[in-house]
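Colleague: Let's go through this model together. I will ask what each label rests on, and you give me the value behind it.

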Amino acid sequence: MLLNKLSIHSTGQPCGIDYFDNRLIVSDYTTGDIRLYNTSVPTPSLMGIIATGQPGIMGVKIGTDGKIWFVNYTLNTIVRIDRIPPVNHIFSFSHEDRKF
């Protein structure tokens, strides 16, 4: 089972999870980070972290077009991330990357 092999590292409260096209994403309520994992290998590995700068994320979803959506309870918003830089590092989320 995938979750038996995956160690989800977090400094806060993981609260949202979704899976699409061999990618698992986990959002964190406390930090606002979204972690991306590669599940196409025998032991899933962390690919990168999207630092949204928005604590309060309650859920996350990958759309059929590959775009990431999340709901922020604290800000009462729904956010779509349109562009994601290359993986394998931590990258920041800017206002130019979201559409409402």
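Modeller: It is a predicted model, so keep that in mind. Lys-67 sits in the loop between S5 and S6.

Colleague: Why is Lys-67 called partly exposed?

Modeller: Its relative accessible area is 27%. Buried means under 20%, and exposed means over 50%. The value of 27% falls in between, so Lys-67 is partly exposed.

Colleague: What does Lys-67 touch, leaving out residues up to four places away in sequence?

Modeller: Lys-61, Ile-62, Arg-80, Ile-81 and Asp-82. The C-alpha atoms of Lys-67 and Ile-81 are separated by 6.0 Å, with their positions 14 residues apart along the chain counted as the separation.

Colleague: How do you know that S5 and S6 pair?

Modeller: Five bridges join them. Pairing takes at least two bridges, so S5 and S6 qualify. They run antiparallel. Val-60 stands opposite Phe-70 of S6. The hairpin has five residues between the strands, and Gly-66 takes a positive phi near 90° there.

Colleague: What makes S6 and S7 a pair?

Modeller: Again the bridge count: five, against a required two at least, so S6 and S7 pair. These strands are antiparallel too. Ile-68 has Ile-81 as its bridge partner in S7. Four residues lie between S6 and S7 in their hairpin, and Asn-76 in the turn has a positive phi of about 55°.

Colleague: Which residues of S6 are on the covered face, and which on the uncovered one?

Modeller: Ile-68, Phe-70 and Asn-72 make up the covered face. Trp-69 and Val-71 make up the uncovered one.

Colleague: Why is Val-71 called partly exposed?

Modeller: Its relative accessibility is 39%. That is neither under 20% nor over 50%, so Val-71 counts as partly exposed.

Colleague: What makes Val-71 eligible for a surface patch?

Modeller: Patch residues need over 30% relative accessible area. Val-71 has 39%, so it passes that cut-off. The nonpolar patch consists of Met-58, Trp-69, Val-71, Tyr-73 and Ile-78, with about 520 Å² of accessible area together.

Colleague: And which residues form the largest nonpolar core?

Modeller: Twelve residues: Ile-25, Ile-34, Leu-36, Met-47, Ile-50, Ile-57, Val-60, Ile-62, Ile-68, Phe-70, Val-79 and Ile-81. S5 gives the largest share, three residues.

Colleague: How do you know that Val-60 is in contact with Phe-70?

Modeller: Contact means heavy atoms within 4.5 Å, so Phe-70 is counted among the contacts of Val-60. Others include Ile-25, Ile-34 and Ile-68.

Key. Residues numbered from 1 in each chain as written. Predicted model: local features only at pLDDT ≥ 70, side-chain atom pairs only at ≥ 80, totals over all residues. Heavy atoms only, no water. Patch = residues over 30% accessible without salt bridge, like charges linked within 9 Å, V, L, I, M, F, W, Y side chains within 5 Å. Areas by Shrake-Rupley, 256 points an atom, 1.4 Å probe, with all protein chains shown as cover. Salt bridge = Lys/Arg side-chain N within 4 Å of Asp/Glu carboxyl O. Buried < 20%, exposed > 50% of the residue type's maximum accessible area, 1.4 Å probe, protein only. Core = buried A, V, L, I, M, F, W, Y, C linked by side-chain atoms within 4.5 Å.
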